[in-house]
Amino acid sequence: MDVLNSLAQGFSLALTMQNLLWCFVGVTLGTAVGVLPGIGPAVTVALLLPVTTKIDPSGALIMFAGIYYGAMYGGSTTSILLNTPGESATIVTAMEGNQMAKRGRAGAALGTSAIGSFVAGTLTVVALTFVSPLVVDIAIQFGPPEFFALMVLAFTTVSAVLGGSALRGLTALFIGLAIGLVGIDSQSGTARFAFDVPQLLDGIEVVTVAVGLFAVGETLWAASKDYKTVETMNAMRGSIWMTAEDWKRSWGPWLRGTAIGFPFGTMPAGGAEIPTFLSYAIEKKLSKHPEEFGHGAIEGVAGPEAANNASSTGTMTTLLALGLPTSATAAILLAAFQQYGLQPGPLLFVNSADLVWALIASMYIGNVMLLVLNLPLVGIWVKLLKIPKPMLYAGILIFATLGVFGMRQSAFDIFLLYAIGVLGFVMRRYDFPTAPVIIGMILGPLAEAQLRRSLSISQGDWMIFLQKPLSASLLAITAAMLIGPWAWKKIKKA
Amino acid sequence: MTPTNTPMANTATKHSGQVVLSIAVVLLGTALAYGTNQLPEASGYAKVGPRLMSAIVSGGLFVLGLLLLKEALTGGFRGVDEAEHTETPTHWPAFLWISTGLVLNGLLIVPVGFVIAGTLLFVLAARGFGSRADVRNGIVGLIIAGITYAFFTYGLGLGLPAGILPF
């Protein structure tokens, strides 16, 4: 079979000493930043973008992907042991897992989430292996209008549909699009909004924006707003080796969580929150012990953790096969590809097949490494949670300046980093989501290119987007999502 | 939201931050529109050039800013709980310590070097989080900045500024 041949080829590349090492570094770093509050996979990959000038594409991308799915494993440790979720997708785990830990079952909770993540991670990589070539076969026939419509749909779902307010989400997206405009336009060579500042002519670096919004903004917030929160840590009690009863109650939720998480991840409806909540609700319905939910039911940890991990692989599928990032981390991974002059999407499977399949193969290997890192070695990661806050955030800032300065050796970027950090603080204060900024900034220039290409084909006629059936339907879905909720409210009032 | 007829002026002062922010978005849209106007006209028969996207973005920000302003003036941004923020007021000294650390880092990283600028940032940021053990923090910061510097400069060949240090 074609796919299996490609995969075997991928394994032969991924199993070289060097790539195994990068994979290990990636998943280890990923687990660490998943565990640590204040720093996540998006910032970590962004901070490491400067190394793309020094190491080869396969090694770097294997490491970056490892950070992404590794962080999904690490995040659950924090949620279970601390009373705060490590990231938004682990809110459910934080509720249920924390309850288990309070009742002396921290070990079983950590066990079921690590094994659940492994089951979900491995099954979904298999799904990715077979689904992405099919998607590529379809997407390879897409022209500029189809891609543009797909990107508009992705913009809308990540900013307007998810989150508290469509208005604030869209504002965040447009700020990102505006940042993406700065610099020399690649098609015409015209400088836009650069004010003759040489650093701005080259555009604003993704590292600076991502690290500013997430790391610096978060640090400013934690120091000046969040000072009252006292974190209590649950003791690591109970064996991490689950009992027969635990296994019996976990495997169903693992499989169902995987089945829910993967499709949600692949759709440009981004975010792992929805599938985790969905999985929780389903497990509660199906459970023979619904009364335990909210007081530490193992199903409530097993299902959502599997869903969380499955959705991250789903996101990778869409990124690789369509070139469409549906989360902030995926957008930064896209930027990492661009550092090497590569563009994820159907053509990548044709032009850089070796690289893509090595990356996919490395995900099988990475999940095995993560199981070992997170199950017998979980004690090491728990120690990370004991780093005092001042040290943790001060250390994050040193790494922030390292990544930002390292990108193009310019002190100007440090000031820009601070300014964007303040922007991140203000956005957090008024409850604007920040992920749309990153997605807008990275996907914006690509969408612009497709838009201009489409209009060149049609000689300036906008009807081209409606004449193609696929782009017309994608745009119709987008319009329905934007106008639908508003129209619904009007109808209900009338 | 209060059920009784709150006077407009009262609401505006209650959400003054939101009003300022909304106006800032409108102004950003206006400024981008002005900048778009300075860009050269598109050439060729397709009439698509660098102007199109900036026109879309500036128009979008302008309209979104107006919609935000409308929310801010009529009961505040939907779903934002202002009471929550008055309960825990911003601790500005912490904000200032970290800001000082970052601005000084930008000024010092090239002339003085990554290691010293980073150590200083570490000490100032730790202060922002209420840690006053400057000497201990200085040593920890120096170790972190030093190891990072050594690893990235000698290990990966990424050029970080040595500054006044000889290595």
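Modeller: Let's settle one term before we start: contact means heavy atoms within 4.5 Å. The model here is predicted.

Biologist: Happy with that. How many residues of chain B are in contact with chain A?

Modeller: By that cut-off, 71 residues of chain B are in contact with 65 residues of chain A. The area buried between the two chains is about 5800 Å², and carbon and sulfur atoms give 80% of that area. Met53(B), Leu102(B) and Phe129(B) supply 12% of the area that chain B buries against chain A, more than any other three residues.

Biologist: What makes Arg429(A) and Glu82(B) a salt bridge?

Modeller: The rule asks for a side-chain nitrogen of Lys or Arg within 4 Å of a carboxyl oxygen of Asp or Glu. For Arg429(A) and Glu82(B) the N to O distance is 2.9 Å, so the pair falls within the 4 Å limit and earns the name. The rule finds 1 salt bridge across the interface of chain B and chain A, along with 7 residue pairs in polar contact, both residues at pLDDT 80 or more.

Biologist: Which helix of chain B gives the most to the side that touches chain A?

Modeller: That is H3(B), with 12 residues. By class, the side of chain B that touches chain A divides into 43 nonpolar, 23 polar and 5 charged residues.

Biologist: Now to chain A on its own. Why are H6(A) and H16(A) called roughly antiparallel?

Modeller: Look at the angle: the axes of helix H6 (residues 106–139) and helix H16 (residues 353–374) of chain A cross at roughly 175° and come within 9 Å. Angles over 145 degrees count as roughly antiparallel, and therefore H6(A) is roughly antiparallel to H16(A). Among the residues making the contact are Phe118(A) and Val125(A) of H6(A), and Trp357(A) and Tyr364(A) of H16(A). The contact has 13 nonpolar, 7 polar and no charged residues.

Biologist: How do you know that the salt bridge of Arg192(A) and Glu448(A) links distant parts of the chain?

Modeller: Arg192(A) sits in strand E2 (residues 191–192) and Glu448(A) in helix H20 (residues 435–457) of chain A, 256 residues apart. Their side chains nevertheless meet at 2.9 Å, N to O, so they too satisfy the 4 Å rule. Over all chains, the structure holds 14 salt bridges.

Biologist: Where does Tyr340(A) lie, then?

Modeller: Tyr340(A) is in the loop between helix H14 (328–339) and helix H15 (346–351) of chain A. Leaving aside residues up to four places away in sequence, Tyr340(A) touches Thr52(A), Ile55(A), Asp56(A), Pro57(A) and Ala60(A). Its C-alpha atom is separated by 33 Å from that of Ala114(A), 226 residues away along the chain.

Notes. Residues are numbered from 1 along each chain as its sequence is written. Chains are lettered from A and ligands numbered from 1 in the order in which they are written. This is a predicted model: local features need pLDDT of at least 70, side-chain atom pairs count only at pLDDT 80 or more; totals for chains, interfaces and linings use all residues. Side-chain values use heavy atoms; hydrogens and water are left out. Buried area is the accessible area (1.4 Å probe) that two parts lose on being put together, summed over both. A polar contact is a pair of N or O atoms within 3.5 Å; within protein, one must be able to donate a hydrogen and the other to accept it, and residues adjacent in sequence count only if both atoms are side-chain atoms. Helices (H or I, at least four residues) and strands (E, at least two) are DSSP runs, numbered from the N terminus. Ala, Val, Leu, Ile, Met, Phe, Trp, Tyr, Cys and Pro count as nonpolar, Asp, Glu, Lys and Arg as charged, and the others, Gly among them, as polar. Axes are lines fitted to C-alpha atoms, for helices over the stretch in contact, and angles run from 0 to 180 degrees between N-to-C directions. Angles under 35 degrees count as roughly parallel, over 145 as roughly antiparallel, 65 to 115 as roughly perpendicular and the rest as oblique.
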